[in-house]
Amino acid sequence: MDISALLTSVGINIGVCVVLLSLYSVLRKQPSNVSVYFGRRLASMRWTHNDPFCFERFVPSPSWIVKAWEANEEDILGIGGMDAVVFLRIVVFSIRIFSIAAVICIFLVLPVNYFGQDMHHKHIPSEQMEVFTIENVKEGSRWLWTHCFALYIITCSACILLYFEYKSIAKMRLAHIAGSSTNPSHFTVLVRAIPRSSEESYSDSVKKFFTKYHASSYLSHQMVYRCGRVQKLMTDAEKMYMMFKAASNPQNCKPSLMQCGLCRQQTNSFKILSSEDDSVGNSGFVNMDLATRTKECAAAFVFFKTRHAAIVAAQVLQSSNPMLWVTDLAPEPHDVYWSNLCIPYRQLWIRKIGTLVAAVAFMLVFLIPVTFVQGLTQLDQLQQTFPFLRGLLKKKYMSQLVTGYLPSIVLILALYSVPPTMMLFSAVEGSISRSGRKKSACCKVLYFTIWNVFFVNIFTGSVISQLNVFSSVKDIPAQLAKAVPRQVTFFTTYVLTSGWASLACEVMQIFALLCNLSKRFILRIKDDSSSDTFSFPYHTEVPRLLLFGFLGFTCSILAPLILPFLLLYFVLAYLVYRNQILNVYVSKYETGGQFWPIVHNTTIFSLVLSQIIALGVFGIKRSPVASGFTIPLIICTLLFNEYCRQRFLPIFKNNAAEILIDMDRKDEQSGMMEELHQQLHSAYCQFTVTSHELYRSECFSHLGDRESSPDPKNVKSGNESSVNGSDIAHCNLDMSEASTK
């Protein structure tokens, strides 16, 4: 592909970005699109707006860029949480390292590549892309030291930046843990693989076991119940039947305080509605008779008196049989993935093998579109395979479109099926938290995209153009050194199409915009609801950033022309993602910075692979001095990675006992521990219920004394009910989590 075809792709993508960003700056000002472009603000506060006709509403403006730029890291941390800060740190790290790489490679390496052969150069637009790659440098050239020098600068800069970022984020994570003193997950352990007993229930077994072996620290527990789809449908049908039946038979009883769900204790969480219509029409609480209609799982949340006791119980082997009484630190209440808690623990290893096999099969199937894409980049082979296209492909603009823009578009459309598929695989694996499922999906998407976008494209391109494959492992560096420069044109257009255009589509929120338009103009629903807000798609965006970073590292000294396009992508990504975090996405749960170790490992892998490819290139170009200096660089990079793994990684895997003990002592001295213990009983809630069922239960209940309930406006959900002993279910529940079950 020549430079003119690359410029065609650049022009198309710049036009798409300008149009979409201008359209976004107009659409975000329209009151009817508040739920699309300001979902986070709509969910966090009561949104009021007027709808006057104003000419300014229909004029594009860069005001959103200014607001995104002015927000500081404290604002991002308070709005999006620590994961949002870590995500933006990835973008900032990429801007810094590729700024250094672009300066070094554009002004030092690129001239060496361009004048590497004694040849007559054409005009720049007519030059082939290969002229600007290391492939144009003749064998035995004494100028190859510039590539080795650039590789050293890039590697050392990346390692220094990685170290300081890892250190800063680790410190931020420790501060995050110390600052979340009311987090109930610090006191809670999830117990699975509870042994079945014919003499007692799972609940009694849990109470007996932890009372015996953790008597000094055990507080109480809450069982997990089976809630399959069929059972849920039957329960919902029964609820609807009781609601209609109650609506036709008015009850004559006074509203008063009810007993809470299954725990049979008094609570002041709710004010029972005094009118029949209100009691039937409102929903969102717990079912009185649910315990009789559900079955206990071999899983439970066990609450401990101190954070230190909980973490010790989570990490210690509880039984001589490792497949029984398996303990893990519980996720945060809104992060619990309830449907996976009932999966038998003995099935998890089988599920992981099954998902691995399914992922490999999916990769093999994906070879079809990747091979088709590589066929589009090989214009000569395409004309030989399809002779009827020769006349069409002889037209200059058509050949530029087919080789410069169409291949990346086809691959991007095929890759849209990857994130939901990997999310499904991660759910089948049995993750106990939503953040864990998203993190697992992130890793799968990352491996999949790097393999298919980079390695498979190189392998299929080598097979198509040369009709050979790698005969042995020793040939891999040399073959990569030959194949990567030939595929750099595709990688550059992929950055333009999947990078620039995808950011414009992200800020436009095309899917949400279409849903909003259909809701308003087809379904005639005019109200702005915050129930359709989304959490940030880390499982798609983190792999995208890391893939572009991977391409930048591997192609930096081989084909420096890709670096300016990458740098512009990361600068635009910085503005777009800050805007999305501030205005669109709602932080429902977070991992506490767990994505950064993935970033670190991927960056190290990218550096080492780029060094191995450079080693192969220096061998092909017969430069023993450059090859000799590259080998120590690989060793030093691996040693640096091992040091970071020993120094920082344990902070992201476990909570420090030092911090937890200090938090326990502080709460005991301030008298907060009793209040925290009471909040534990209402922290984890699995089921939802209609307020009518509470009303109906009060009419026929003769248990306990009745109290007057407080004003619901003055009640904080989640902190009101307290029980002793075995807790089974509680009264508060995040409705957004319930709707996903």
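Count Ala, Val, Leu, Ile, Met, Phe, Trp, Tyr, Cys and Pro as nonpolar, Asp, Glu, Lys and Arg as charged, and the others, Gly among them, as polar. With that colour scheme set, welcome to the tour; please keep in mind that this is a predicted model.

**Stop 1: the second largest pocket**

Start by selecting Leu329, Ile432, Ser433, Gly436 and Gln594, which of the 38 lining residues are the closest to the centre of the second largest pocket. The space here comes to about 1,200 Å³. Now apply the colours: the lining holds 10 nonpolar, 18 polar and 10 charged residues.

Which element gives the largest share of the lining? Show helix 18 (434-466), since four of the lining residues come from helix 18, the largest share. Other elements that give two or more residues include helix 6 (145-179), helix 10 (307-315), strand 7 (326-329) and helix 11 (348-365). Helix 17 (418-429) and helix 25 (649-653) also belong to that group.

**Stop 2: from strand 7 to strand 1**

Stay with strand 7 and pick Asp328, then add Arg192. These two form a salt bridge, with the closest N and O atoms 2.9 Å apart. Arg192 sits in strand 1 (residues 188-192) and Asp328 in strand 7, so their contact ties together parts that are 136 residues apart in sequence. Switch on a surface and the partners can be told apart: Arg192 is buried at 8% relative accessibility, whereas Asp328 is partly exposed at 27%.

**Stop 3: helix 6 meets helix 5**

Next, select Glu165 and Arg96. Their side chains form a salt bridge at 3.2 Å, N to O. Because Glu165 belongs to helix 6 and Arg96 to helix 5 (residues 73-114), the pair ties together parts that are 69 residues apart in sequence. Buried or partly exposed: what is each partner? Glu165 is buried, at 7% relative accessibility, while Arg96 is partly exposed, with a relative accessible area of 43%.

**Stop 4: a bridge within one helix**

Move on to helix 24 (residues 624-647), where Arg645 and Glu642 lie three residues apart, about one turn of the helix. Draw the distance between the closest N and O atoms of this salt bridge and you should find 2.8 Å. Both partners are partly exposed: Arg645 has a relative accessible area of 41%, and Glu642 has 32%.

Before leaving the charges, select Glu73, Arg89, Arg96 and Glu165 together; salt bridges that share partners join these residues into one network. The whole structure has 10 salt bridges.

**Stop 5: aromatic rings**

How many aromatic pairs are there? The count comes to 44. For a stacked example, select Phe210 and Tyr218, whose rings are 6.2 Å centre to centre with 25° between the planes. Both Phe210 and Tyr218 are buried.

For an edge-to-face example, go to Phe536 and Tyr585: 5.0 Å centre to centre, 75° between the planes. Phe536 is in the loop between helix 20 (510-521) and helix 21 (538-555), and Tyr585 is in the loop between helix 22 (562-583) and helix 23 (596-620), so the pair ties together parts that are 49 residues apart in sequence. Phe536 is buried, with a relative accessible area of 5%, and Tyr585 is buried too, at 8% relative accessibility.

To finish, extend the selection to Phe87, Phe536, Tyr538, Tyr577, Tyr585 and Phe595, a cluster linked by ring pairs.

Key. Residues are numbered from 1 along each chain as its sequence is written. This is a predicted model: local features need pLDDT of at least 70, side-chain atom pairs count only at pLDDT 80 or more; totals for chains, interfaces and linings use all residues. Side-chain values use heavy atoms; hydrogens and water are left out. On a 1 Å grid over the protein atoms alone, a cavity is a set of points where a 1.4 Å probe fits but cannot get out, and a pocket is an open set with protein on both sides within 12 Å along at least five of seven lines; lining residues have an atom within 4 Å of a point. Grid points are joined across faces, edges and corners, and a volume is the space filled by probe spheres set on the points. A salt bridge is a side-chain nitrogen of Lys or Arg within 4 Å of a carboxyl oxygen of Asp or Glu. Buried means under 20% relative accessible area, exposed over 50%, partly exposed in between (1.4 Å probe, protein chains only). Rings of Phe, Tyr and Trp (its six-membered ring) pair if their centres lie within 6.5 Å; planes under 30 degrees apart count as stacked, over 60 as edge-to-face and the rest as tilted.
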